Amino acid sequence: MTSNAVPRYDTIGRSYSATRRTEPRIAAQIERALGDAETVVNVGAGTGSYEPPERTVVAVEPSGTMISQRPKGSAPVIQGVAEHLPFADGTFDAAMAVLTVHHWRDRVAGLRELRRVSARQVVFLFSPFDVGSYWLVDDYFPEYADLESEHDAPSPELLARHLDVQRVETIPIPGDCVDGFGSAYWNRPEAHLDPTVRAGMSFMAQMDPATVDSNVARLAAELADGTWDAKYGHLRTQETIDLGLRLVVCG
Ligand SMILES: C[S@@+](CC[C@H](N)C(=O)[O-])C[C@H]1O[C@@H](n2cnc3c(N)ncnc32)[C@H](O)[C@@H]1O
């Protein structure tokens, strides 16, 4: 650990495992991207979602709160940060980083470290460069724009400068996605009325609670009076959506 600051997820990750879990269709996409890698380092591993069960995995995670929620029998974990991986060059066949890069203090250092310790890198990230809009933030949580950690994703140019990018895959979000990340409930707006669901979304967890309460009250009112359905009801029967989740496969 390089920073004296308490890792953010020690605070916002207390109930992470209540709503955040492996979504099998996304896991299958990650498995394909890992190819024939036998040894994998999972950086920003959190509670262990998406760790491939049939490979030798070592996890790296800064937050003790997240580490304490890893299920019994999950891969061994080292408390540390992406920016300083405690491994020799080329230790792993592959490195994976899932919904974590936007939280790193120094993204360039972290990406360089991924490349240094592994032959292949599989990075799952949110790319705001590839998506127009999302009703949840546009209509109800515009304060999202003020949260540096959430939308300041590495640009495609930055990734290409520091990783040998082979391809970028779209990750479609299924309508019944079981991993409750920030855009998971795109067609189930009522889910956002549940505080446990909101606690699993880092952008909500970082907002002023009074602002969240008032935005949620407005969403509840507009669900009750039909405003939401008049604008977005067509989403309820859509099977998948592209909201800018990307799998960047490198090396
Ligand atoms: C949204 S969670 C994702 C966790 C897990 N990969 C998953 O898919 O459930 C983001 C994770 O990144 C971790 N993180 C934050 N800063 C980090 C850093 N500098 N290096 C590595 N991980 C970091 C957080 O502690 C948190 O566990």
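In which loop is Gly80 found? Select Gly80 and follow the chain both ways: this glycine sits in the loop between E3 and E4. Keep in mind as you click around that this is a predicted model.

**Stop 1: Gly80 and a long way off**

With Gly80 still selected, turn to its surroundings. It counts as partly exposed because 17 other C-beta atoms lie within 10 Å, and a residue needs 20 or more to count as buried. Now add Arg218 to the selection and draw a line between the two C-alpha atoms. The pair is 138 residues apart in sequence and 40 Å apart in space.

**Stop 2: the sheet**

Switch to cartoon view and pick out the open sheet of 7 strands. Reading across, the order is E3-E2-E1-E4-E5-E9-E6, and the pairing is mixed. The edges are E3 (77–79) and E6 (165–170), each of which pairs on one side only. Look along the sheet and you can see the turn from strand to strand: neighbours are rotated by 20° against each other on average, direction ignored.

**Stop 3: walking in from the E3 edge**

Start at E3 and step across to E2 (residues 56–61). E2 and E3 run parallel and are joined by 3 bridges. To find the register here, select Val60, which stands opposite Ile78 in E3. E2 itself is mostly covered, with 5 of its 6 residues buried.

Next comes E1 (residues 39–43). It pairs with E2 in the parallel sense over 5 bridges. Asn42 faces Ala59 across this pairing, and Val43 has Val60 as its bridge partner in E2. So Val60 is a handy residue to keep labelled: Ile78 stands opposite it in E3, and Val43 is paired with it from E1. How many of the 5 residues of E1 are buried? The count is 4, so E1 is largely enclosed by the rest of the structure.

**Stop 4: E4, with a neighbour on either side**

Move one strand on, to E4 (residues 92–98). E1 and E4 are parallel and share 4 bridges. Three pairs are worth labelling here. Val40 stands opposite Ala94, Val41 has Ala95 as its bridge partner, and Val43 stands opposite Ala97.

On its other flank E4 meets E5 (residues 118–126), again in the parallel sense, this time over 6 bridges. Ala97 shows up once more, standing opposite Val123 in E5. Is E4 largely enclosed or open? Since 6 of its 7 residues are buried, E4 is largely enclosed by the rest of the structure.

**Stop 5: the nonpolar core**

Show side chains now. The largest nonpolar core has 60 residues, and the members that touch the most others are Ala95, Ala97 and Phe124. E4 supplies the largest share of this core, with 6 residues. In soluble globular proteins, nonpolar side chains tend to be buried together.

Zoom in on Ala95. Leaving aside residues up to four places away in sequence, it touches Val41, Val43, Leu114, Val117, Ser118 and Gln121. Val41 is familiar from the previous stop as the bridge partner of Ala95.

**Stop 6: two loop residues with positive phi**

Open a Ramachandran plot alongside the viewer and look for Tyr50 and Leu99. Tyr50 has a positive phi of about 70° although it is not a glycine. Its place is in the loop between E1 and E2. Is Tyr50 buried or exposed? Tyr50 counts as buried, because it has 21 C-beta neighbours inside 10 Å.

Leu99 also has a positive phi, of about 50°, and it is not a glycine either. You will find it in the loop between E4 and helix H5 (107–117). Leu99 is buried too, because 20 other C-beta atoms lie within 10 Å.

**Stop 7: around the ligand**

Finish by selecting the residues around the ligand. There are 24 of them, and those that come nearest are Tyr9, Gly44, Gly46, Ala82 and Thr100. Colour the shell by residue class and you get 12 nonpolar, 8 polar and 4 charged.

Methods:
Residues are numbered from 1 along each chain as its sequence is written. This is a predicted model: local features need pLDDT of at least 70, side-chain atom pairs count only at pLDDT 80 or more; totals for chains, interfaces and linings use all residues. Two strands pair if DSSP finds at least two bridges between them. Axes are lines fitted to C-alpha atoms, for helices over the stretch in contact, and angles run from 0 to 180 degrees between N-to-C directions. A residue is near a molecule or strand if its C-beta atom, placed from the backbone, lies within 6 Å of it. Ala, Val, Leu, Ile, Met, Phe, Trp, Tyr, Cys and Pro count as nonpolar, Asp, Glu, Lys and Arg as charged, and the others, Gly among them, as polar. A residue is buried if 20 or more other C-beta atoms lie within 10 Å of its own, exposed if 12 or fewer, and partly exposed in between; C-beta atoms are placed from the backbone. A nonpolar core is a set of buried Ala, Val, Leu, Ile, Met, Phe, Trp, Tyr and Cys residues joined through C-beta atoms within 7 Å. Two residues are in contact if their C-beta atoms, placed from the backbone, lie within 7 Å.
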